[in-house]
Amino acid sequence: MAKDTSLRAVGWAQSFPVSQGVRAGRRWTREHLMSLKWTGSAPETVDAILLSVSELITNAHIHAHSDAQLVLTWDSHCLHVSVHDSDPVPPAKQSEDLTTTGGRGLAIVDALADGWATHPQASGKTVTACFVPPGAPKPRHGGDVS
């Protein structure tokens, strides 16, 4: 019998205008995550995803002055969190300055995700972070989302 090499994935997409803020994005993400079997036994991963969604949507709204298009994709190895905005300038990690109140979003995503990357698009950029829940087989690319 031939080995089945097809990819099984499930995904959701939603746009979050600047006027809605990040709270709507977190709520929407939590609702969709609850449909995945592993989330009940991986609350730390769910929290990491929700915090990263907050940071990425905030970056789109504050730094890109753009609506945020959020796409969640579960491929049975990794939950990919992708946020697209209309600014073509890639995000940059800020220097560590304990006197500022912002600029730590990418550092937080970097600390929480198993991997992340920025993809330039014709209409801006997309930042994608990968989260591998406990017990899921590690992806062959080691969490790198490039």
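**Note on the predicted model: a buried loop residue, the strands, the core and two side-chain links**

1. S66 lies in the loop that runs between α2 and β2. The model is a predicted one, and in it S66 has a relative accessible area of 5%, which means that S66 counts as buried, the limit being under 20%. Leaving aside residues up to four places away in sequence, S66 touches V18, A60, H61, D85 and S86; one of these, D85, returns in the next point as a partner in a salt bridge.

2. The structure holds one salt bridge, in which the side chains of K125 and D85 meet at 2.9 Å, N to O. This pair links distant parts of the chain, since K125 belongs to strand β5 (residues 124-131) and D85 to strand β3 (residues 79-85), with the two residues 40 apart. K125 is buried, at a relative accessible area of 6%, and D85 is likewise counted as buried, at 5% relative accessibility.

3. The number of disulfides is also one, and this disulfide joins C78 to C130 with an S to S distance of 1.9 Å. Again the link is between distant parts of the chain: C78 sits in the loop between β2 and β3, whereas C130 sits in strand β5, 52 residues apart. C78 has a relative accessible area of 1% and is buried, and C130, at 0% relative accessibility, counts as buried too.

4. Which face of β2 is buried? Along this strand the side chains alternate, so that A68, L70, L72 and W74 point to one face and are buried, while Q69, V71 and T73 point to the other face and are not buried. This follows a general pattern, in that the side chains of a regular strand alternate between the two faces of the sheet.

5. β2 has pairing partners in β1 and β3. With β1, β2 runs antiparallel, and seven bridges join the two strands; within this pairing Q14 stands opposite L70 in β2. With β3, the pairing is also antiparallel and extends over six bridges, with T73 standing opposite H80 in β3. β2 and β3 form a hairpin with four residues between them, and in its turn S76 has a positive phi of about 75°.

6. The largest nonpolar core holds 32 residues, of which W38, I49, L70, L79 and V81 touch the most other members. At least two residues of this core come from each of β1 (10-16), α1 (21-33), α2 (43-62), β2 (68-74), β3 and β5, and the largest share, eight residues, is supplied by α2. As a general matter, nonpolar side chains in soluble globular proteins tend to be buried together.

7. V81 can be followed further through its contacts: not counting residues up to four places away in sequence, V81 touches I49, V53, L56, L70, V71, L72, V127, T128, A129 and F131. Two of the residues named here, I49 and L70, are also listed with V81 among the core residues that touch the most other members.

8. How many of the residues of α2 are buried? The helix is mostly covered, with 14 of its 20 residues buried. Its reach from the first C-alpha to the last is 28 Å, close to the 28 Å expected for 20 residues at 1.5 Å a residue.

How values were computed. Residues are numbered from 1 along each chain as its sequence is written. This is a predicted model: local features need pLDDT of at least 70, side-chain atom pairs count only at pLDDT 80 or more; totals for chains, interfaces and linings use all residues. Side-chain values use heavy atoms; hydrogens and water are left out. A salt bridge is a side-chain nitrogen of Lys or Arg within 4 Å of a carboxyl oxygen of Asp or Glu. Buried means under 20% relative accessible area, exposed over 50%, partly exposed in between (1.4 Å probe, protein chains only). A nonpolar core is a set of buried Ala, Val, Leu, Ile, Met, Phe, Trp, Tyr and Cys residues joined through side-chain atoms within 4.5 Å. Contact means heavy atoms within 4.5 Å. Two strands pair if DSSP finds at least two bridges between them. The expected span of a helix is 1.5 Å times one less than its number of residues. A disulfide is a pair of cysteine sulfur atoms within 2.5 Å.
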